[in-house]
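Reader: Hi! I am new to protein structures and would love a close look at one part of this one. Could you walk me through it?

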Amino acid sequence: MNTSTVQIILLIIHLLFFIYAFFAIGSYVILAIISAVETLEYMKKNSFVNYKEILSSTISPSISIIAPAYNESLNIIENVRSLLSSHYVNYDVVIVNDGSKDDSLEKLILAYDLVKVNFLINQQIPTKPIRAGVFKSTNPAFEKLTVVDKENGGKADALNMGLNISNNNYVACIDVDCLLLENALQKMIKPFLEVTEETVIATGGVIRIANSCIIKDGKLLDVNFPEKRIVQAQILEYLRAFLLGRMAWSRLNGLLVISGAFGLFNKKIAIEVGGYDTNTVGEDMEIIVRMRRHMEEQKLKYKVAYIPDPLCWTEAPDNYKIFISQRNRWTRGTIETLRKHRKIAFNSKYKSLGLLSYPYWLFFERLAPVIEVIGIIYFVILMALNEVRWDYTVAFMLLAYLFTVLFSIVAIFSEELTFHQYKKKGTGFKLIMISVLEPLVLHPFILYAAIRGNIDYYFNKKKKWGEMTRKGMAKAEK
Amino acid sequence: MSEAKKIVLAEDNSTLSLLLKFRLEKEGYKLLVAADGKEAIELIEEQDPELILTDIMMPFISGLEVISHVRNKLKKQTPIIVFSAAGQEEMVLKAFNLGANDFMGKPFSPNELVIRVKRLLR
Amino acid sequence: MESYQYLIDYLKNSPPIIQAVWILSCFFFIIIVILIIYLKYLRGHLRNNEKVVAKYQKEYESYLISYLYAGNEEEEISGEQQTIIEKLKISAADIFKRRIIVSTLLRLRNEISGEMAESIQKLYYQSGLIGYALSRLKSKKWYVVAKGIRELTHFHVKEVHDEIVILVNHPKKEIRKEVQLYLVTLFHFEGLKFLDVLQTHLSEWDQIQLLEVLQHFENQELPNINPWLKSTNDSVVTFALKLAKIYNQFEAKDAIMELLTHQQKIIRVDAIHVLSNLQVVEAKDILKNNFDKLSLEEQIAFFKLLENMYETSDEPFLLAHVTYENFEIKLSALKILKIFNIEKFKSLKEISSEPEFIRIFKFIAHNQL
């Protein structure tokens with residue numbers, strides 16, 4: 001192989017990287033613009049909406065909140081109390097104790113005066129069997145609560161049990177430690193009731209990070225910007241993803257994922273597609289793709305909607321070990337879902353789902369870390385061969401870094417102009433700092449976790465959920 | 001020397017508080033206004049009022065917790081009137097169970113409120 | 001100086017692509033710096049804004065309260081009130097202040113009733129605020145029009161009915177929604193006349209809001225809903241069915257029974273639910289005879305109807321369906337049988353070996369229902 005061929009190959013490789021980067025950046029910019037437009041429209045429309053009527057209306061549709069719990073003994077009482085204090089009228093809460101090995105059930109029975117009841121379950125989706133039973137409260141103040149104790153089957157299995165048990169048309173699948181704001185249900189149910197030509201199959205909400213926020217008795221008292229860099233970086237990441245990404249996908253009706261921490265579903269359709277898949281760790285993404293696919297196959301007009309208001313606050317990982325474990329799981333979930341549904345890729349039968357959403361997710365979410373690592377390895381090889389053109393390297397890396405920082409700052413701006421959650425003095429400065437630091441503080445770990453995820457997926461099938469240690473939300477000062 | 005009777009008002013709507021303060025002070029009462037449940041409890045503990053008026057839906061600490069605090073923690077029998085928005089029947093029942101004496105649904109007439117206050121303070 | 005020259009030379013001698021990249025980098029950097037400065041300004045501005053709003057709010061609050069208590073027996077408007085009106089007129093010219101004044105008036109108006117509420121209303125007129133709301137109706141921007149209508153609704157301005165009612169089929173749904181709320185809030189059941197001419201779809205959200213507003217009125221005299229039940233606009237039919245259910249419109253039963261053969265499945269199912277609530281016995285036989293041709297949702301709805309209105313003559317039908325494929329129907333059938341013929345019910349124990357049937361049977365046998 002002579003030098004000119006090598007030159008040509010190198011040129012093609014460079015060109016491919018370049019094209020990839022170009023499209024990636026282009027897509028970020030386009031999505032950001034569409035998001036901005038959509039958010040602006042949403043704010044205008046919603047400055048009118050009166051949520052008061054719908055929450056006290058007995059005609060408003062009934063919702064079941066389903067919250068799976070596994071070894072959540074530390075906070076379960078508080079969390080349930082919080083879920084029971086929503087201002088919506090027609091709803092109930094189903095806590096699925098998924099074979100916990102701790103005293104969650106005993107604590108609940110004591111705190112909420114629960115007794116075992118005879119309950120007939122319509123087994124529309126197969127699940128692991130009941131363990132201790134179904135419990136309801138003797139105290140009328142807690143009549144909305146149902147607690148189900150079952151054999152361990154994983155989050156997806158627990159959610160399916162909830163689907164079987166609920167008698168309502170809409171189910172809100174939520175992480176039990178998620179703090180739901182009092183008006184969350186009204187806001188989430190609105191898309192289902194507003195659209196006319198299409199069926200809304202699911203609505204997703206924004207997850208806000210609760211670390212360092214003051215929470216008492218299940219109510220969000222004060223929003224604080226956390227001190228730890230890793231948490232700050234995640235907040236920034238969420239702002240970028242939600243405000244500059246998901247809003248756009250919602251407008252394009254291309255949302256492929258609704259956060260597993262909080263989503264509202266049309267129960268009938270969720271059951272029709274067979275409920276959550278217990279064989280994947282990315283069950284939140286997988287069920288959306290499956291529901292969308294189902295609607296496309298049935299040739300029914302549908303929409304997956306998205307509410308940008310802060311509705312749900314949850315704890316984010318505050319140390320690198322747990323963070324990596326979480327992102328590892330997300331990576332495996334994405335790979336599993338994309339592989340399971342590869343039939344829709346580039347398939348015009350599935351319209352924008354197959355021609356836009358799937359390819360985007362494949363190239364810019366699933367493959368991005370892989371391509372980045374290949375790029376790094378290539379660079380290292382070039383260094384070893386002393387072939388590095390440092391002037392190019394420095395220039396391009398600086399450009400990439402500045403672009404990332406610029407993008408983050410735009411995300412911060414969007415937040416300021418819309419929901420303005422971080423009002424305190426000095427937070428503006430902290431946000432800028434973390435925009436500058438995040439590519440160094442968070443991104444390498446995301447990359448590492450994604451590669452581990454790929455490795456684990458292909459070579460380490462036994463890995464499942466991993467641990468998340470409960471620390472408890474920050475308590476209010478007295 | 002007869003001192004004016006003290007009333008603590010817990011209401012997060014500042015315009016309404018101002019109106020009620022004006023009205024009730026015209027009748028000779030002394031009004032202490034709290035903007036939320038937490039402030040209300042502090043005022044009640046400090047000032048030991050003759051009557052408590054509280055909205056049910058308030059941020060942070062609800063009116064129900066105020067009533068509960070007064071009846072169960074402070075063990076006082078101070079007369080309590082609650083205000084509630086429409087559609088809150090469940091809350092009103094809970095308020096009575098906790099020991100409230102009277103309730104007025106919003107929107108209400110300030111004159112009517114004055115009559116009820118006078119009645120409870122006789 | 002030397003390094004500066006070195007940099008310039010370096011850039012001049014670089015390939016164009018590197019030059020482009022550096023220029024772009026500088027461009028980004030400058031934008032970042034601008035945005036950071038603007039961000040600081042923005043945050044400060046927002047914070048300041050909040051303080052300013054709070055200050056004005058306090059000011060207008062005290063104007064309002066003074067106005068309300070400054071009236072006297074003799075004159076329509078006392079001298080003190082006139083002063084306040086003049087002050088408000090001046091402030092209202094500024095849009096920022098106007099918004100605060102309006103929201104202050106509203107905050108109070110929504111909480112109290114009686115003569116105080118009427119006084120606030122009068123103030124709204126006297127201070128000229130109403131003029132601004134009216135001019136909004138003529139705006140080209142949809143959200144300005146919608147906000148205008150909303151304000152007029154909140155302040156119960158009935159006089160503009162004619163200008164507003166023509167917007168009932170406006171292409172923008174937010175405007176239509178405000179128009180509907182205006183009509184119903186101010187004109188109660190009379191306001192529902194717009195259903196006669198509504199061409200667009202009335203969403204569930206809108207329907208719920210309208211029904212909630214209607215429920216708060218003293219006089220619950222419903223107009224004739226039959227024309228709406230026959231409407232070509234399916235959402236009007238759905239709404240009329242809701243009205244029939246909530247207001248127990250037994251008189252409309254014939255029109256509702258006709259809906260059992262409506263094109264839309266949702267409406268047929270809804271009709272069954274309403275007929276069940278109204279205890280319309282004729283419907284039962286019609287549906288029973290047609291049972292096999294009904295869709296599954298209608299069949300399930302029918303069994304719920306039977307739970308409400310069963311008679312002994314229904315026994316053979318129930319028996320025929322205790323082993324029906326669908327879970328909910330089996331459950332319904334067995335439940336009803338247990339209630340009125342417990343012996344017959346017990347005899348069914350061995351009738352099927354299907355596990356779901358056995359579970360349901362056991363559950364019903366061992367529980368008070």
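Reader: At what angle do the axes of helix H1 of chain A and helix H7 of chain A cross, and within what distance do they come?

Author: Happy to help! Please keep in mind that this is a predicted model. Two packed helices are described by the angle between their axes and by the distance between those axes. Helix H1 of chain A covers residues 3-46 and helix H7 of chain A covers residues 229-251; their axes cross at roughly 75° and come within 7 Å. Angles from 65 to 115 degrees count as roughly perpendicular, and H1(A) and H7(A) are therefore roughly perpendicular to each other.

Now look at the residues that make this contact. On H1(A) they are Leu31(A), Ala32(A), Ile34(A), Ser35(A), Glu38(A) and Thr39(A). H7(A) brings Leu243(A), Leu244(A), Gly245(A), Met247(A), Ala248(A), Ser250(A) and Arg251(A). Sorted by class, the residues of this contact are seven nonpolar, four polar and two charged.

H1 of chain A also has a part in another contact, the one between chains A and C. That contact takes 32 residues from chain A and 36 residues from chain C. On the side of chain A that touches chain C, at least two residues each come from H1, helix H2 (52-56), helix H6 (184-194), helix H13 (390-417) and helix H14 (427-441) of chain A. H13(A) gives the most to that side, with 14 residues. By class, the side of chain A that touches chain C has 18 nonpolar, seven polar and seven charged residues.

Technical notes
Residues numbered from 1 in each chain as written. Chains lettered and ligands numbered in written order. Predicted model: local features only at pLDDT ≥ 70, side-chain atom pairs only at ≥ 80, totals over all residues. Axes fitted to C-alpha atoms, helices over the stretch in contact; angles between N-to-C directions. Helix = DSSP H or I, 4+ residues; strand = E, 2+ residues; numbered from the N terminus. Parallel < 35°, antiparallel > 145°, perpendicular 65-115°, else oblique. Contact = placed C-beta atoms within 7 Å. Nonpolar A, V, L, I, M, F, W, Y, C, P; charged D, E, K, R; others polar.
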